[in-house]
Amino acid sequence: MRDVATVVETVETAELSDTSANKPMRGAEVLVRSLIRNGVDTIFGLPGGAVLHIYDELWRFRDEITHYLVRHEQGAVHAAEGYARATGKVGAAVVTSGPGATNAVTGIATAYMDSIPLVVITGQVPLPVIGTDAFQEVDTFGITLPIVKHNYLVRDVRDLAAIVDEAFRIAASGKPGPVVIDLPKDITAHICDGPRRCHYDAASAAAPACTDTQTVDIIADRLINAERPVFYVGGGIVTSGAAYALIELAEKLAAPVTPTLMGLGGFPTAHKLSLGMLGMHGTYAANMAVSESDLLVAVGVRFDDRVTGKLATFAPQAEIIHIDIDPSNIGKVKQPHISLVSDAKPALEALLAAIAERGDGPLAAGKAARLDWWKKLSGWRNSVPLVCETSETEIKPQQVIEELHRATNGDAVIVTDVGQHQMWAAQFYPFKRTRQWITSGGLGTMGFGLPAALGAQLALPEQTVVAVVGDGGFQMTNQELITAIQYNIPLKVLIMNNGYLGMVRQWQEMFYDRAYSEVDLSISPDFVKLAEAYGAQGLRATTPAELTSALRQGLEHKGVTVWDIVVTKEENVFPIIPAGQDTRNMILK
Amino acid sequence: MRNTLSILVADEPGELSRIVGLFSSRGYNIETISVGKTLEDGWSRCTIVTEGDAAIVEQILKQCERLARVREAKAVTSQPHIEREMALIDVNALTPDDRAEIKNLVDIFRAKIVDITHDRMIVEASGNKEKVDRFIGLLESFGMNEVVRTGYVAINTLMADKGSALQQTA
């Protein structure tokens with residue numbers, strides 16, 4: 001069982017490795033030292049009454065932890081997520097009690113749905129007044145309970161160091177996720193003269209080895225002999241760092257690969273074995289391949305409804321193999337025929353070894369048996385490719401992504417918000433590597449893009465990070481532009497401006513008789529002036545020619561750039577499989 | 001299908017609400033729930049009776065095991081087991097005849113009369129679901145004022161333990 005914690009009752013002061021561990025110190029200092037001990041050098045947050053002691057210590061330790069002051073707590077958590085998603089490290093954020101905590105909830109839920117490792121410190125009113133409806137009191141423990149991997153309400157300063165250590169272990173181990181530490185103000189002031197509870201003996205953060213050799217052998221045989229196999233791969237590939245093993249395995253087998261939205265970058269989009277993304281807005285080839293495959297190898301995925309559509313007819317002819325680190329993911333929505341509970345990387349490496357053991361003969365025979373499959377796959381690819389709409393007079397949104405790809409040599413880290421622009425970015429920016437694609441997949445959080453890009457850019461100062469957002473989502477968190485300005489974070493924000501809540505409008509057009517109910521955003525601020533008001537470069541493009549020069553100009557600019565790219569108002573994302581339907585109902589244009 | 005789950009969870013504030021919250025947020029049903037201390041300091045056992053087919057029960061157990069403070073989650077009903085519930089029943093006993101008849105039933109069901117006035121009795125009964133249900137059913141004709149039930153606790157039989165121990169060594 002993973003993450004099982006056994007409370008060890010013996011007191012061990014050795015757990016605090018820093019030299020001053022035995023010196024009495026207040027809780028706030030214990031916290032900050034514990035954060036440092038766990039590798040935190042960057043934290044996002046916004047102070048308030050309940051976290052004043054913590055901020056006092058953050059000020060004292062400012063050479064060891066850099067605090068980035070956001071303008072809204074949602075931004076703090078998204079920025080921490082962006083940081084975590086870009087690096088694989090645990091992101092950290094600190095917010096005050098009450099509204100600080102509730103503002104952080106959206107970010108915590110976003111991280112939970114996408115299995116992103118975070119530790120969020122929330123201030124709380126002092127222990128003696130908890131439950132009295134004190135000023136800025138809210139039951140943060142209760143509110144965040146269903147959207148965290150674990151959470152704590154600290155009741156004794158002597159537990160704090162052990163709690164922080166365990167929080168980081170839990171956040172990063174197994175299937176990662178957010179952990180919330182709710183910290184009453186009096187605890188941060190209490191003097192701690194040594195830990196009461198030494199440590200929680202949680203499972204180690206190291207990925208478990210893949211020990212089920214019997215199942216690995218079965219899967220290896222199935223892979224070699226399958227006539228119509230497809231790898232369906234997700235965020236688990238990214239989290240586990242399994243991309244190279246996946247590429248090697250797919251190449252050995254000459255088997256096609258289709259990533260989910262969260263799996264983008266886990267397999268190079270331009271690779272000849274890549275079918276592109278599958279699911280609601282996936283490619284025709286990927287969705288057809290799944291529906292006609294005889295062996296679906298699902299790795300690090302959870303059979304999300306945006307991937308499967310109608311479950312009963314998802315991969316109807318396939319034997320399904322599910323490899324996932326989380327036992328509860330197996331059979332949660334689709335019962336596989338064969339399952340393997342393992343981290344993706346060791347599982348794929350074990351499969352590679354098992355296949356190598358079988359020699360080249362069977363592998364070659366299997367490849368030959370798949371020639372017909374590749375004829376079919378190529379046929380689907382060629383008959384319905386993803387089409388980048390172009391126009392001489394107006395800017396097509398797909399064209400924006402292609403131009404951006406060209407202008408950034410395909411190397412930029414793309415962070416998106418949620419909606420049509422997100423799907424176009426997923427479809428038209430070919431990704432070369434993992435963590436080049438950062439998006440809110442599970443929760444679909446509008447407002448995620450800009451602050452997440454801020455965190456990613458901080459983590460990757462040498463790289464170009466572009467937040468691709470819509471005009472709707474941009475306006476949900478654009479206050480964080482000033483954070484980028486304040487800390488000289490050279491963020492690039494590309495607004496795909498169609499004057500609509502575009503994805504909702506598309507559904508209203510397609511499924512609600514074009515009743516455009518409350519989706520019109522044509523009354524919006526002048527985004528160029530807005531950017532300038534923040535002290536950023538603002539550039540607008542309304543024609544394809546302007547697009548090219550604006551992108552070049554913005555990418556050359558050393559500081560923060562906001563592009564207002566005015567695109568076709570009523571463009572739709574295709575293909576689309578309407579919610580709850582299957583490949584047969586795919587609408588191509 | 002009715003299943004009795006036994007979940008070993010750290011005896012810490014909030015851990016019970018984490019389990020109950022998991023049931024409600026994932027749409028699982030709780031028929032009864034009972035919690036108590038175990039032999040081991042710092043650990044509680046939570047017994048939950050739920051409805052669901054084998055796949056749902058498996059999913060519930062896996063979801064419970066994801067919780068950081070859950071050490072073990074198992075379906076007691078998947079092995080031979082003993083299950084008990086206790087009920088305290090406030091029943092009318094208006095006439096000597098009624099009193100005698102209730103006393104009779106109490107004897108048959110090996111229940112206990114724990115309180116009495118000139119027109120009412122409180123009866124304590126325990127047993128498995130069928131027994132307690134039937135006993136309460138038989139008292140209905142006298143008119144009951146209140147029934148308080150504990151929810152179920154369950155334990156695998158010694159034979160079941162032996163079986164699994166044998167399996168482990170084999």
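**Entry 1: chain B against chain A**

I began with the charged pairs across the interface of chain B and chain A, and the count there is two salt bridges. I note at once that this is a predicted model, so every value below is computed from it. One of the salt bridges I looked up joins B:Arg66 to A:Asp326, with 3.2 Å between the closest N and O atoms. For polar contacts across the interface of chain B and chain A, I find six residue pairs, both residues of each being at pLDDT 80 or more.

I then asked which elements of chain B supply the side that touches chain A. At least two residues each come from α1 (15-25), α2 (54-66) and β4 (70-75) of chain B, and α2(B) gives the largest share, with five residues.

For the extent of the contact, I record 18 residues from chain B and 24 residues from chain A. Between them the two chains bury about 1,800 Å², and carbon and sulfur atoms account for 50% of it. On the side of chain B, the residues that lose the most area to chain A are B:Arg18, B:Arg66 and B:Arg69, which together make up 34% of what that side buries; B:Arg66 is thus listed here as well as in the salt bridge with A:Asp326.

**Entry 2: domain 1 against domain 3 in chain A**

Next I turned to the division of chain A into domain 1 (13-192), domain 2 (213-383) and domain 3 (397-566). The centres of domain 1 and domain 3 of chain A, taken over C-alpha atoms, are 30 Å apart, and the contact takes 25 residues from domain 1 and 26 residues from domain 3.

I noted a buried area of about 1,900 Å² between domain 1 and domain 3 of chain A, with 67% of it from carbon and sulfur atoms. In domain 1, A:Tyr68, A:Arg71 and A:Arg85 lose the most area to domain 3, together 29% of what that side buries. I count zero salt bridges between these two domains, but nine residue pairs in polar contact, both at pLDDT 80 or more. The side of domain 1 that touches domain 3 draws at least two residues from each of β2, β3, α3 and α4 (99-113) of chain A, and its largest share, eleven residues, comes from α3(A).

**Entry 3: the sheet beside α3(A)**

Finally I traced an open sheet of six strands in chain A, in the order β3-β2-β4-β5-β7-β6 and with parallel pairing. Its edge strands are β3 (66-69) and β6 (150-153) of chain A. β2 (residues 42-45) and β3 of chain A pair over four bridges, and A:Thr42 stands opposite A:Thr66 in β3(A). Helix α3 (residues 73-87) of chain A lies across β2, β4 (91-95) and β5 (118-124), at about 170° to β4(A).

Notes
Residues numbered from 1 in each chain as written. Chains lettered and ligands numbered in written order. Predicted model: local features only at pLDDT ≥ 70, side-chain atom pairs only at ≥ 80, totals over all residues. Heavy atoms only, no water. Pairing = 2+ DSSP bridges. Contact = heavy atoms within 4.5 Å. Axes fitted to C-alpha atoms, helices over the stretch in contact; angles between N-to-C directions. Domains from an automatic or database assignment. Buried area = accessible area lost by both parts, 1.4 Å probe. Salt bridge = Lys/Arg side-chain N within 4 Å of Asp/Glu carboxyl O. Polar contact = N/O pair within 3.5 Å; in protein donor to acceptor, adjacent residues only side chain to side chain.
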